[in-house]
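Pull up a chair and let's walk through this one together. Keep the viewer open so you can click along as we go.

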Amino acid sequence: MSFDAERLAQPAIRALRAYDPGHDLPTLRTRFGAVLAELGSNENPSGPSPKALAAAREALADSHRYPDPRCGRLRDVLSNHHGVSPDQLVFGNGSHELLMQLAQAFAGPDAAVMHSQYGFAVFAIAAAASGAPTICVPALPREHPSAPWGHDLDAMAAALRDDMRLVYLANPNNPTGTWFSPDALHAFLKKVPDDTLVVVDEAYGEFMQVAGHASALSLMAAHPNLVVTRTFSKAYALAGMRVGYLVAHPSVAAVLERLRESFNLGLATQAAAVAALADSVYLHLTLTRNAEERAWLAAELAERGHRTLPSLTNFLLLDTGEDAAPLERHLFDRGVIVRPMGGYGLPQTVRISVGSRAENRRLLEALP
Ligand SMILES: Cc1ncc(COP(=O)(O)O)c(C=O)c1O
């Protein structure tokens with residue numbers, strides 16, 4: 001009999017599937033060359049701040065040394081930036097890692113997890129990997145005026161139960177692009193008992209440049225069970241560097257520190273993040289560019305009869321109203337990569353990242 005470790009794996013792990021990257025991008029880059037439009041992963045086409053790149057290059061000279069396991073410099077600048085204490089921060093090799101660690105630490109067969117239908121995919125994966133019972137609360141209806149397919153916070157509050165230890169929310173959410181207000185979050189938090197952690201994933205938080213919006217960080221002092229995750233992958237355009245962080249009560253951070261691999265952030269990564277955070281002028285430029293480009297792309301798509309959902313992020317969810325697989329295939333054959341959403345239970349949609357003007361034009365030209 002041939003050897004197969006599948007049966008040796010833990011039941012919760014056996015139920016998982018390995019990450020599907022969608023496409024083999026290195027091969028596609030060779031096939032399509034410069035005309036490839038990579039609009040599938042919500043990356044930032046502006047690229048990183050030149051100052052971040054320079055800092056990373058400089059740090060590389062010390063590559064024979066291990067990086068600072070405390071991420072001390074990055075910890076200091078972020079604690080200043082957010083007005084939190086350094087021991088409230090935990091760093092991840094991307095925020096994905098932190099979302100997984102939260103479930104590893106706080107969820108399990110006797111500690112349930114809740115997330116919304118169409119919530120970011122990692123929430124369900126993290127819950128499943130921990131073997132936790134998982135409640136997936138139906139999303140708001142497609143017809144909802146401001147948050148079609150968004151999180152239904154009232155229904156989520158009603159679904160809370162005694163064994164619930166972790167609630168995952170994304171604000172704004174990927175792939176729906178929907179968001180909720182600080183007031184709605186506050187009202188929700190008031191209904192959640194202290195022994196249930198509420199994780200608010202703000203991977204796209206910096207893009208929320210609208211009056212009245214505030215990060216969940218503003219509610220941290222009043223709610224010790226609140227955890228906010230953030231990333232340098234999106235607005236700061238450092239997806240390839242892998243740097244995420246969370247802000248939580250020091251006791252939550254202390255638990256997570258036990259799981260963190262000691263050198264999980266490389267030294268170039270730490271240096272790049274510090275410099276990117278300091279370059280607020282560049283951040284502002286890239287946010288403005290994204291907002292303008294998103295508005296232009298949404299309008300051009302609408303002119304061609306394609307409906308997109310409201311978005312303040314760097315992506316648009318296009319609702320075709322029918323099976324979107326042929327559209328995705330059609331674009332793919334022309335070197336335009338968008339993300340099909342069948343895996344999310346939204347097979348009638350594709351998610352399109354806001355690219356550079358040249359990439360967005362290629363998408364529009366490639367449409368059937
Ligand atoms: C909502 C959301 N959260 C978290 C992540 C993870 O980002 P990273 O691991 O690059 O920090 C993503 C990535 O696309 C995302 O869309």
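What follows goes from the whole chain down to single residues.

Before anything else, keep in mind that this is a predicted model. So what is the chain built from? Its secondary structure comes to 13 helices and 13 strands. If you box in the C-alpha atoms along the principal axes, you get roughly 65 × 55 × 50 Å. A compact globule of 368 residues would have a radius of gyration near 21 Å, and because the chain has 21 Å, the two agree.

How much of the chain is buried? Of the 368 residues, 52% are. On the outside, the chain exposes about 16,700 Å², with carbon and sulfur atoms supplying 54% of that area. Sequence separation is worth a look too. Take the contacts between residues at least 6 apart in sequence: 73% of them join residues at least 24 apart.

Now zoom in on a pair of helices. Two packed helices are described by the angle between their axes and the distance between the axes. Here the pair is α5, residues 95-106, and α6, residues 121-129; their axes come within 8 Å and cross at roughly 40°. The crossing of α5 and α6 is right-handed. Which residues make the contact? From α5 you have H96, L99, M100 and A103, and from α6 come V122, F123, I125, A126, A127 and A129. Sorted by class, that contact has 9 nonpolar residues, 1 polar residue and no charged ones.

One of those α5 residues, L99, also leads us to a strand, since L99 is among the residues that T229 touches. T229 is found in strand β7. Is T229 buried or exposed? Its relative accessible area is 0%, so T229 is buried. Leaving out residues up to four places away in sequence, T229 touches L99 and L102, then V199, V200, D201, E202 and A203, and finally Y245 and L246.

Next, head for the loop between β5 (164-170) and α8 (182-191), where you will find P172. The peptide bond from N171 to P172 is cis, with omega near 0°. P175 has its place in the loop between β5 and α8 as well, and a cis peptide bond joins N174 to P175, with omega about 20°.

Stay in the loop between β5 and α8 a little longer, because T178 lies there and at 5% relative accessibility it counts as buried. Which residues does T178 touch? Beyond those up to four places away in sequence, T178 has A147, P148, W149 and G150 as contacts, along with A170, N171, P172 and N173. That list takes in both residues of the first cis bond we looked at, N171 and P172. As for G119, it is 59 residues from T178 in sequence, and the C-alpha atoms of the two are 9.9 Å apart.

The other cis bond gives us a link to our next stop: N174 is one of the residues touched by N42. N42 lies in the loop between β1 (37-38) and α3 (50-60). Check its backbone: N42 has a positive phi of about 55° although it is not a glycine. With 1% relative accessibility, N42 counts as buried. Besides N174, N42 touches Y204, K234, N314, F315, R351 and S353, again setting aside residues up to four places away in sequence. How far apart are N42 and N314? In sequence they are 272 residues apart, while in space they are 6.3 Å apart, C-alpha to C-alpha.

R242 also has a positive phi, near 65°, and is a residue other than glycine. You will find R242 in the loop between β7 (226-231) and β8 (244-247). Where N42 is buried, R242 is partly exposed, with a relative accessible area of 29%.

Finish with T30, which lies in helix α2, residues 25-32. Buried or exposed? A residue counts as exposed over 50% relative accessible area, and T30 has 68%, so T30 is exposed. T30 and L318 are 288 residues apart in sequence and 28 Å apart in space, C-alpha to C-alpha.

Terms used. Residues numbered from 1 in each chain as written. Predicted model: local features only at pLDDT ≥ 70, side-chain atom pairs only at ≥ 80, totals over all residues. Heavy atoms only, no water. Axes fitted to C-alpha atoms, helices over the stretch in contact; angles between N-to-C directions. Helix = DSSP H or I, 4+ residues; strand = E, 2+ residues; numbered from the N terminus. Left-handed = near helix turned anticlockwise from the far one by under 90°. Contact = heavy atoms within 4.5 Å. Nonpolar A, V, L, I, M, F, W, Y, C, P; charged D, E, K, R; others polar. Rg over C-alpha atoms; globule rule 2.2 N^0.38 Å. Buried < 20%, exposed > 50% of the residue type's maximum accessible area, 1.4 Å probe, protein only. Areas by Shrake-Rupley, 256 points an atom, 1.4 Å probe, with all protein chains shown as cover.
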